[in-house]
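Hi there,

Here is the structure I promised to pass on to you. Have a look at it first, and then read my notes below.

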Amino acid sequence: QVEPIKPLFMRRRFGEDTGDHYEGTLSDFSIERMFTFDPKTDETDTQYRPLQAIVELLQNPDDAQFEAELRDVIQLKSFYRFWAMEVLTGHWDGYNGNRNNFHIYIDSTDNKITFIPWGLDDTFDVALLDETQLYSQSLLAQRILRIPSMKAEAYAELSEILDTVWNEEALLSRLQSMADLLEGQMDPLILD
């Protein structure tokens, strides 16, 4: 959230920075919303061909074929982790909640899409957190949840994160140490 999604980030994360990079703002993989993706580099395909492939794939009624072909164009495990973290942090304004505030990068070495979170300024809002909410407004999430094997994979990824990464006690302790560090360092807001 601190580092901009720029070529340096891409080189460190993907080992290259020549793939197609789009920012999603109220965007999804439909004919109506595909053109809302914002190409972020001069090299990014402004004809949206990589995105058109996902649009067409989502229209395929054959679930087995959809699942097989989706694995060829999206880093699926990474997408499940991305989705799980949106759920756990209550990122209602992300891709799966509001189809907003995210980037996608298509690695030029394998031509697979990776989702990158962005705009996490309204997360952990107690008023909006609902432990029963599995954000699923995006077309991709809706389709995955209709396919039992893929739904099971998504839930398994969420469970794995809860079991291995999500340590509530450690997170609260870290937040408290930051609050202690900042106590007395912030001047109150003075309005003229």
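**Charged pairs and one glutamate**

Lys 77 is partly exposed, because its relative accessibility is 48%, and that value falls between the 20% and 50% cut-offs. Keep in mind that this is a predicted model.

So who does Lys 77 pair up with? Its salt-bridge partner is Glu 157, and the closest N and O atoms are 2.8 Å apart. The two come from distant parts of the chain: Lys 77 belongs to helix 5 (residues 76-89), Glu 157 belongs to helix 8 (residues 148-164), and they are 80 residues apart. Glu 157 counts as buried because its relative accessible area is just 5%, and buried means under 20%. The pair isn't on its own either: salt bridges with shared partners tie Lys 77, Arg 81, Glu 157 and Glu 160 together into one network.

A bit of background: side chains of opposite charge can pair when their charged atoms come close.

How many salt bridges turn up in the whole structure? The search finds twelve. Here are two more of them:

- Asp 17 and Arg 11 form a salt bridge, with 2.6 Å between the closest N and O atoms. Asp 17 is partly exposed, at 25% relative accessibility, and Arg 11 is partly exposed too, at 43%.
- Asp 45 and Arg 49 form another, and here the closest N and O atoms are 3.1 Å apart. Asp 45 is buried, with a relative accessibility of 13%, whereas Arg 49 is exposed, at 53%.

Try working out those labels yourself: Arg 49 counts as exposed because its 53% is over the 50% cut-off, while Asp 45 counts as buried because its 13% is under 20%.

Now for the glutamate in the heading. Glu 23 sits in strand 1, which covers residues 20-24. Is Glu 23 buried or exposed? It is buried, because its relative accessible area is 17%, and the cut-off for buried is under 20%.

As for its surroundings, the side chain of Glu 23 makes a polar contact of 3.1 Å with the side chain of Lys 40. Leaving out residues up to four places away in sequence, Glu 23 touches Thr 36, Phe 37, Asp 38, Lys 40, Phe 102, His 103 and Trp 118. You'll spot Lys 40 in that list as well as in the polar contact.

Have fun looking around!

How values were computed: Residues are numbered from 1 along each chain as its sequence is written. This is a predicted model: local features need pLDDT of at least 70, side-chain atom pairs count only at pLDDT 80 or more; totals for chains, interfaces and linings use all residues. Side-chain values use heavy atoms; hydrogens and water are left out. Helices (H or I, at least four residues) and strands (E, at least two) are DSSP runs, numbered from the N terminus. Buried means under 20% relative accessible area, exposed over 50%, partly exposed in between (1.4 Å probe, protein chains only). A polar contact is a pair of N or O atoms within 3.5 Å; within protein, one must be able to donate a hydrogen and the other to accept it, and residues adjacent in sequence count only if both atoms are side-chain atoms. Contact means heavy atoms within 4.5 Å. A salt bridge is a side-chain nitrogen of Lys or Arg within 4 Å of a carboxyl oxygen of Asp or Glu.
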